[in-house]
Amino acid sequence: MQQLSPAGQQVIDDIARRYGFSTEAVLSMLQSVINGNGRMAQFNHPEFAGSGQWMSGGMTMVSDMFNNNLKASVANLCAELSQLVAAQPDLLRSGSFQSQSQGGQHQDSYASGQGQGAWHEGPAGGASLFVAPAAGSAADWWGPGLRWPDSTGAQNGVRYAYFAQAHRLAIEVNGSVTVYDTLDHQIGGFSQQQSYGGSLGFNSQYGLIDVARLPIVSMDGAAPVAPAGQGAPTTPAAPVPAAVPPAASAQPADAGNAAGMDIFAMIDKLAELRSRNILTEAEFNTKKAELLARL
């Protein structure tokens, strides 16, 4: 979360006192509301009885399901935080945000109602909750190389931003940002295992795909280092013995016998090369025929 401004810290402290929660718990819920684009929150904190969910205009769920006082306090807290973040300029995206949880997975999607890159503008003159970014620094967590994501989301310590035109998907886990190449995938939604830092997948025309199968473009702004090759070097094939030059017709009988012995020795060497898979059966038979023709 961005650093709170002095005015923002005072507002959060006041809300914590009024609701009887700690400042740390309220900050945790504030981050959940921001992650839900101000319209929903999926939270997990001991002061809220563990995990739960709130949706604007919908139901509130807490793990202590029969604790109606806690449920009402959480609902009112989230509603007030939602109004608070809606008044902050450049904090929320305009448009529709949908979230659903099925089969142990969470899926959310985002569609802008005012064209790509439209951002919510808060009331003029309102005090900012957060300290403004330093001059020249990138306010977008995915880095300066990407702008105007088509969809964003966050849950359980993982957040993502999808850039359809650039074919890029940025994912941040524990402050580390990895950018993936989405190739030719036409992404229609994301899903995440219900655990802190759980794996992220997405739906495309090829079905449900694990993000880990995508090529990595950069990690924390730097290109990934290719691992050194570990393959064993290829052993060159042994050269095939040169053909024995034809014997002269005027050779004496002893010389002819010696040449014949040399040919049989060459055939034995070729057979050895064949047994070591250096020569194929066809190569061996061809050379053998050539040598026998000289006898």
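What follows is a chat about how the labels for this predicted model are earned.

Visitor: Let's start with the helices. Why are α2 and α3 called oblique to each other?

Guide: Helix α2 (residues 23-35) and helix α3 (residues 68-86) pack at an angle of about 60°, their axes being 10 Å apart. Roughly parallel needs an angle under 35 degrees, and roughly perpendicular needs 65 to 115. An angle of about 60° fits neither, so α2 and α3 are oblique. As for handedness, the crossing of α2 past α3 is right-handed.

Visitor: Which residues of α2 and α3 meet there?

Guide: From α2 you get V26, M29, L30, V33 and I34, and they meet V74, L77, C78, L81, S82 and V85 of α3. Sorted by class, that contact has 10 nonpolar residues, 1 polar and no charged ones.

Visitor: And what makes α1 and α2 roughly perpendicular?

Guide: Helix α1 (residues 6-19) crosses α2 at roughly 110°, and their axes come within 9 Å. The range for roughly perpendicular is 65 to 115 degrees. Roughly 110° sits inside that range, therefore the label holds for α1 and α2.

Visitor: What does the contact of α1 with α2 consist of, by residue and by class?

Guide: Q9, I12, D13, I15 and A16 in α1 touch T23, V26, L27 and L30 in α2. These divide into 6 nonpolar, 2 polar and 1 charged. V26 and L30 also turn up in the contact of α2 with α3.

Visitor: On to the strands. How do you know that β2 and β3 pair?

Guide: Pairing takes at least two bridges between two strands. Strand β2 (residues 50-55) and β3 have 3 bridges, in the antiparallel sense, so they qualify as a pair. One position to look at is W54, which stands opposite T60 in β3.

Visitor: What makes β1 and β3 edge strands?

Guide: Each of them, β1 (40-45) and β3 (60-62), pairs on one side only. The open sheet has 3 strands in the order β1-β2-β3, with antiparallel pairing. Its twist averages 10° from one strand to the next.

Visitor: Where does α3 sit relative to β1, β2 and β3?

Guide: Helix α3 lies across β1, β2 and β3, and runs at about 125° to β3.

Visitor: Further along the chain, how do you know that β7 and β8 pair, and which way do they run?

Guide: Strand β7 (residues 158-163) is joined to strand β8 (residues 168-173) by 6 bridges, and the two run antiparallel. The cut-off is at least two, so they count as a pair. F163 has R168 in β8 as its bridge partner. The two strands form a hairpin with 4 residues between them, where H167 in the turn has a positive phi of about 55°.

Visitor: How many bridges does β8 make with β9?

Guide: There are 6 bridges between β8 and strand β9 (residues 176-181), again antiparallel. A170 stands opposite V179 in β9. Their hairpin has 2 residues between the strands, and N174 takes a positive phi near 55°.

Visitor: Where should I be careful, and why?

Guide: The protein chain averages a pLDDT of 74, with 68% of the residues scoring at least 70. Over residues 94-125 the pLDDT is below 50, though that stretch has 90 contacts in the model beyond near neighbours in sequence. Residues 230-255 are also below 50, and have 14 such contacts. Where pLDDT is low, the predicted coordinates shouldn't be read in detail.

Conventions
Residues numbered from 1 in each chain as written. Predicted model: local features only at pLDDT ≥ 70, side-chain atom pairs only at ≥ 80, totals over all residues. Heavy atoms only, no water. Axes fitted to C-alpha atoms, helices over the stretch in contact; angles between N-to-C directions. Parallel < 35°, antiparallel > 145°, perpendicular 65-115°, else oblique. Left-handed = near helix turned anticlockwise from the far one by under 90°. Contact = heavy atoms within 4.5 Å. Nonpolar A, V, L, I, M, F, W, Y, C, P; charged D, E, K, R; others polar. pLDDT = per-residue confidence, 0-100.
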